[in-house]
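Good morning, everyone, and thank you for making time for this. I would like to walk slowly through one structure today, so please keep the display in view while I talk.

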Amino acid sequence: MSQSAPLRSVEEIEANASFDALLWALSRPGQIQHLPKPGEAALIDALIDRECRVYSADPLLVPQVMRSGAEIADMASADHVFLAIVQDSEVLKSLQLGSDLYPDEGATVIIRCKLGAGPRLRLSGPGVNGTCDLQVAGLPDGFWQTRAQVMRYPTGFELILLDGERLVALPRSTTVEVL
């Protein structure tokens, strides 16, 4: 008698699809990927577990983060930072950036924005075939310049731009030029 695999729940299927979309986005900077449902909830289910330290500027996300078993932390010590809206680009200077020995200790930052509108950006670096143009609205003036000042590859942070169910990822290795 053969045993069948256990049935996966809807939550597991959505978390796997979200994780897959995020991996594709990180490996193909600037290319829009789609989550199974809109908002940060899909990313929390895919990324966060009890070994994570999480900061959320949106108090509505905290109960879901708590259910994952993650530790709620301040922004400077968080592995994952959920910023609903960024008012001041100086906030980027408060993030974990990792070190030359442990660059993976840099934060993953999730920010709500509007993809397909706003200033045009030109991306280059690993995972980008030559260059890739992208438009992003909803970030403060000076955001990209501050990001460039903070990043010193291999240190830095991963940036996930979220617009509903659409997301774009910009790893620390991605160079962003404002056109």
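Let me begin with a word that I will use often: a residue is called buried when its relative accessible area is under 20%, and exposed when that value is over 50%. Please also keep in mind that what you see is a predicted model.

With that cut-off in hand, take glutamine 64, which sits in helix H3, the stretch covering residues 62–67. Its relative accessibility is 13%, and therefore glutamine 64 counts as buried. If we set aside residues up to four places away in sequence, glutamine 64 touches Ala41, Ile44 and Asp45.

From there I turn to the nonpolar residues. In soluble globular proteins, nonpolar side chains tend to be buried together. Here the largest nonpolar core has 30 residues, and those with the most contacts inside it are Val109, Ile111, Trp144, Leu159 and Leu161. Several elements each supply at least two residues of this core, including strand S5 (108–112), helix H4 (143–150) and strand S8 (158–163). Apart from this core lies another, of 20 residues, with Ala42, Leu61, Val65 and Leu162 among them.

Leucine 161 deserves a pause, since its contacts, again not counting residues up to four places away in sequence, include Ile111, Cys113, Val136, Trp144 and Leu170.

Now, which residues of helix H4 are buried? They are Phe143, Trp144, Thr146, Arg147 and Val150. Looking down the axis of H4, we find these buried residues within an arc of 160°, so they line one face of the helix. An α-helix has 3.6 residues a turn, so residues three or four places apart point the same way. The buried residues of H4 pack against S5, S6, S8, S9 and strand S10, which spans 175–178.

The same helix brings us to the aromatic rings, where a search of the whole structure finds one aromatic pair. The ring centres of phenylalanine 143 and tryptophan 144 are 4.9 Å apart and the planes stand at 80°, so the pair is edge-to-face.

Finally, how many disulfides does the structure hold? The number is zero. For cysteine 113, the closest cysteine sulfur belongs to cysteine 132 and is 14 Å away, which is too far for a bond. Both of these cysteines are nevertheless buried, cysteine 113 at 12% relative accessibility and cysteine 132 with a relative accessible area of 17%.

Key
Residues numbered from 1 in each chain as written. Predicted model: local features only at pLDDT ≥ 70, side-chain atom pairs only at ≥ 80, totals over all residues. Heavy atoms only, no water. Helix = DSSP H or I, 4+ residues; strand = E, 2+ residues; numbered from the N terminus. Buried < 20%, exposed > 50% of the residue type's maximum accessible area, 1.4 Å probe, protein only. Contact = heavy atoms within 4.5 Å. Core = buried A, V, L, I, M, F, W, Y, C linked by side-chain atoms within 4.5 Å. Phe/Tyr/Trp six-rings, centres within 6.5 Å; stacked < 30°, edge-to-face > 60°. Arc of directions from axis to C-beta. Disulfide = S-S within 2.5 Å.
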